[in-house]
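User: I would like to learn how to read a structure feature by feature. Could you take me through one, starting with charge?

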Amino acid sequence: MTPPPADSAAHAPLLIRNARVLTLAGAQTPRRGAALRELGVIPQGEVLVADGLIAAVGEKVDVPPDARVIDALGRVLMPGFVDCHTHACWAGDRLDEWERLMRGESYEEILRKGGAIHATARAVREATRNQLSANLRARLEEALRGGTTTIEVKSGYGLTVEAELKMLRAIQRAAGEWPGTVVPTALIGHAFEGNLDDYVKLVVRDLLPEIIREFPGIAVDAFCEPGAWTVEACVKLFEKARKRHPIRVHADWWKPSGMIPEAVRMHALSVDHLESSTRADLELLAGSGTFGVVLPATAFHAGGRFASAAFFVDQGGALALATNCNPGTAPTLSMPLVIALAVRFCGLSPEEAIVASTANPAALLGFSDRGTIEAGRRADLILLHHKDERLLAHEFGGNPVAQVICGGRLV
């Protein structure tokens, strides 16, 4: 029998059989409490993919005669990772800064002396849009090999109207060349140059209108920390932005900021970091509709404390995990590493970490068509080398992903 042409095979239905399927099927999104531990396992199941979607899931499914078949050999099949917080668009490096951190200098000190975000901002301004897009595209390919099929990418290293728009356009360009899904975020409150009050006025008066015009509906983000934006500055930006855009905020990385009550009041999509959040603030956040996003790779790399994710989950919080990929404090795109760190240092179970890396961040980013393996959903799937999903948390340092199916295609 003559095999079909390559392009025909690429569009043929695909059956993955003999898999341990983590469906994560369930009506509640975001998942909270006990629902964070429900993986919806089919111990030996089949998944049929057709036309970019999941066509059928079960112990046995009807198979079209032209379907390609992958025998999973008992290995785990699960939804692709959704990395909902990254700064993966940048130029230059921060190796000198890393050595200073290793010698005991604090990130706050480095930022105050013109390093950290400011060092990357200088490199981004010097780079062309094509260079930024090419850098990001290479990182997206790395993320895909590690099982990430949907990823959020922030601007924030421009610190001028022109450079911020250049970053967002570069993110758009790279997104159009990648088989996965890129969600851009306008991090226009990342740092500042000169006087903070004057810079906030520039952002609200000049940059935000350009974002509204060219990137309608994009999330607007800010970095609320000592030496960066204050609570008052964030509120001033968000009160203007939230009329047309969802809002997100970084808070409580170095110390409690007081930003969580304001974020909850303004119905922010998420508060991200949370390493230094008080229990009272975590309880408040957990009882709201705002996600808490935990970034354990940052504490691992930059020598800080880990967020109390288990406490947040116990209070009923909507939890997501992400890499925080950036050149200074989290130079990684590995969601499996994030899962391993979250289980070791943030108190999560492997099941909670898996849901917080798939279904919940998908909900945070506004997607109802991914993060689970159910008929009609987008076919973003990963087949692990492992036959037990707990090995995602138990092992670290390698790539546990054997095959990636993105939008229904093997990649």
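Analyst: This is a predicted model. For charge, count each sign and then ask where the two sets are centred. The chain carries 43 positive and 48 negative side chains, with the centres of the two sets 2 Å apart.

User: What radius of gyration does the chain have, and what would a compact globule have?

Analyst: The general idea is to set the value against the one expected for the chain length. A compact globule of 411 residues would have a radius of gyration near 22 Å, and the chain has 21 Å, so the two agree. The spans along the principal axes add to this: the C-alpha trace covers about 70 × 45 × 45 Å.

User: How many helices and strands are there in the chain?

Analyst: The chain has 16 helices and 16 strands. To see how the chain is connected in space, look at contacts between residues at least 6 apart in sequence: 72% of them join residues at least 24 apart.

User: What share of the residues is buried, and how much of the accessible surface belongs to carbon and sulfur atoms?

Analyst: Of the 411 residues, 58% are buried. The accessible surface is about 16,000 Å², and carbon and sulfur atoms account for 51% of that.

User: How do I read a single helix, and what span does α6 reach?

Analyst: Begin with its length. Helix α6 runs over residues 161-176, and its 16 residues reach 23 Å from the first C-alpha to the last, close to the 22 Å expected at 1.5 Å a residue. Then consider which way side chains point. An α-helix has 3.6 residues a turn, so residues three or four places apart point the same way.

User: Which residues of α6 are buried, and what covers them?

Analyst: The buried residues are Val161, Ala163, Glu164, Leu165, Lys166, Met167, Leu168, Ala170, Ile171, Ala174 and Ala175. Their cover includes the helices α4 (117-126), α5 (129-145) and α7 (196-214), together with the strands β7 (148-154) and β8 (181-189).

User: Helix α5 is part of that cover. Is Ala138 in α5 buried or exposed, or in between?

Analyst: Ala138 lies in α5 and counts as partly exposed because its relative accessibility is 47%. As a check on sequence against space, take Ala138 and Glu352: they are 214 residues apart in sequence and 30 Å apart from C-alpha to C-alpha.

User: Where is Glu352 found, and what is it in contact with?

Analyst: Glu352 is found in helix α14 (residues 350-355). It counts as buried because its relative accessible area is 7%, under the 20% cut-off. Beyond its neighbours within four places in sequence, Glu352 is in contact with Leu36, Arg37, Val313 and Gly347.

User: Which contacts does Asp272 make?

Analyst: Asp272 is in strand β11 (residues 270-273) and is buried, at 0% relative accessibility. Leaving out neighbours within four places in sequence, Asp272 is in contact with His85, Arg248, Val249, His250, Ala251 and Val293.

User: What about backbone angles: what is the phi of His273, and what is that of Asn324?

Analyst: One thing to look for is a positive phi in a residue that is not a glycine. His273 has one of about 105 degrees; this residue also lies in β11 and is buried at 2% relative accessibility. Asn324 has a positive phi of about 60 degrees and sits in the loop between β13 (319-321) and α13 (335-345). Asn324 is buried, with a relative accessible area of 2%.

How values were computed: Residues are numbered from 1 along each chain as its sequence is written. This is a predicted model: local features need pLDDT of at least 70, side-chain atom pairs count only at pLDDT 80 or more; totals for chains, interfaces and linings use all residues. Side-chain values use heavy atoms; hydrogens and water are left out. Helices (H or I, at least four residues) and strands (E, at least two) are DSSP runs, numbered from the N terminus. The radius of gyration is taken over C-alpha atoms; the globule rule is 2.2 Å times the number of residues to the power 0.38. Buried means under 20% relative accessible area, exposed over 50%, partly exposed in between (1.4 Å probe, protein chains only). Contact means heavy atoms within 4.5 Å. Accessible areas come from the Shrake-Rupley method with a 1.4 Å probe; for residues, only the protein chains shown count as cover. Lys and Arg count as positive and Asp and Glu as negative; His and the chain ends are not counted. The place of a charge is taken as NZ of Lys, CZ of Arg, CG of Asp or CD of Glu. The expected span of a helix is 1.5 Å times one less than its number of residues.
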